[in-house]
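Here are my notes on the structure you asked about. Keep the picture open while you read, and find each residue as it comes up.

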Amino acid sequence: MVHVKSEREIELMREPCRIVKDTLQFVGTKIEAGMTTKELDTLIERFIRSEGAYPSCLGYGGFPASACISVNETVVHGIPGDREIRDGDIVSVDLCAYKNGYHGDACRTFCVGAVKPEVKQLVKVTEECFFKGIENLKAGTPLYDIGYRVQKHAESFGYGVIRSYTGHGIGKEMHEDPSVPNYGKFGTGMRLRAGTVLCVEPMIALGTWKVKLLNDGWSAVTLDGKPAAHYENTLVVREDGVEILTL
């Protein structure tokens, strides 16, 4: 059941969304070759808590860290640990903050050092997929138009569009209805209403769209071991367009 947010609720969501945006900007100034993903996670947790918020990922379903940090072939939900970030890596940092009774959520994929041109392009196109996905999005738009536009742009480059993980609604819970897939048939799905708050998050792979889950029960990696990128924002559907809360 999709909970359409009131303007009061949207106002309360602005602060956690701002904190998420600021945390990701902070990550961009700190991430570097030689640090471990756990060291980066520690910095993220400190920053979120310094803003008077709680890192929503920590303890969610038993997740043991404050952010999902996914390197290269890890598509999503990478658990921070002893893995050292190396020159040439791409690192997706997906994080949420909880404040005012509401969550904010966003992800960026960072290029560390001398990343191969074809992998840099993957990161760039994944971000483009987000903005393609929300083109013409407004009240009354069919839900699966988002995924149709994401898929069309990604596949025009020969990339794989991850099927197993999707975007979602967000509010008092980190994951709410509806599910927002990154593929779909144009003109289908529920008609979105003004005040619906969504996380649109293309996850795009250089090779196959197929993934497997590692033994940790969280980390999803590409089946062919090729890199994947991830880009996400929290947005509000409006009568005449969208308002992005994490930009």
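The points below go from the whole chain down to single residues.

1. First, a caution and an overview. You're looking at a predicted model, so keep that in mind throughout. The protein chain has four helices and 15 strands, so expect plenty of arrows in a cartoon view.

2. How does the radius of gyration of the protein chain fit with a compact globule? A compact globule of 247 residues would come out near 18 Å, and the protein chain has 17 Å, so the two agree. If you'd like box dimensions too, the C-alpha trace spans about 45 × 45 × 30 Å along its principal axes.

3. Now for inside and outside. Of the 247 residues in the protein chain, 53% are buried. The surface that the protein chain exposes comes to about 10500 Å², with carbon and sulfur atoms supplying 49% of it. On the charge side, there are 29 positive and 33 negative charges, and their mean positions sit 4 Å apart.

4. Next, who touches whom along the chain. Take the contacts between residues at least 6 apart in sequence: 71% of them join residues at least 24 apart. Pro-202, further down, gives you a concrete case to look at.

5. Strand S9 is a good one to zoom in on. In a regular strand, side chains alternate between the two faces of the sheet. In S9, residues 197-200, Val-197 and Cys-199 are on one side, while Leu-198 and Val-200 are on the other. Are these faces covered or open? Both are covered, with all four residues buried.

6. Which strands pair with S9? One is strand S7 (residues 167-169), antiparallel to S9 over two bridges; here His-168 stands opposite Cys-199. Another is strand S14 (residues 233-238), also antiparallel, joined to S9 by four bridges. In that pairing, Val-197 stands opposite Val-236.

7. Follow S14 onward and you reach a hairpin. S14 and S15 form it with two residues between them. Strand S15 covers residues 241-244 and pairs with S14 in the antiparallel sense over four bridges. To find one of the matched pairs, look for Arg-238, whose bridge partner in S15 is Gly-241.

8. There's also a small open sheet to trace. Three strands make it up in the order S6-S10-S13, with antiparallel pairing. The edge strands are S6 (160-161) and S13 (228-230), each pairing on one side only. Strand S10 (residues 203-205) shares three bridges with S13, and Met-203 has His-230 as its bridge partner there.

9. Pro-202 is in the loop between S9 and S10. Is Pro-202 buried or exposed? Its relative accessibility is 0%, so it counts as buried. Leaving out residues up to four places away in sequence, Pro-202 touches Thr-126, Cys-129, Phe-130, Val-150, Asn-182, Ala-229, His-230 and Tyr-231. You can also check the C-alpha atoms of Pro-202 and Gly-133: they are 8.5 Å apart, although 69 residues separate the two along the chain.

10. For a helix residue, try Gln-151, which lies in helix H4 (residues 144-155). Gln-151 has a relative accessible area of 16%, and the cut-off for buried is under 20%, so Gln-151 is buried. Setting aside neighbours within four places in sequence, Gln-151 is in contact with Val-161, Arg-163, Asn-182, Tyr-183 and Gly-184. Asn-182 is worth clicking on, as it also appears among the residues that Pro-202 touches.

11. Finally, some backbone details to check. The peptide bond from Asp-177 to Pro-178 is cis, with omega near 0°, and Pro-178 is found in strand S8 (residues 176-180).

12. Which residues other than glycine have a positive phi? His-77 is one of them, at about 65°; it lies in the loop between strand S3 (74-76) and strand S4 (90-99). With 21% relative accessibility, His-77 counts as partly exposed. Asn-100 is another, with phi near 60°, in the loop between S4 and strand S5 (102-111). Asn-100 has 39% relative accessibility and so counts as partly exposed.

How values were computed. Residues numbered from 1 in each chain as written. Predicted model: local features only at pLDDT ≥ 70, side-chain atom pairs only at ≥ 80, totals over all residues. Heavy atoms only, no water. Rg over C-alpha atoms; globule rule 2.2 N^0.38 Å. Buried < 20%, exposed > 50% of the residue type's maximum accessible area, 1.4 Å probe, protein only. Contact = heavy atoms within 4.5 Å. Areas by Shrake-Rupley, 256 points an atom, 1.4 Å probe, with all protein chains shown as cover. Lys, Arg positive; Asp, Glu negative; His and termini not counted. Charge placed at Lys NZ, Arg CZ, Asp CG, Glu CD. Pairing = 2+ DSSP bridges.
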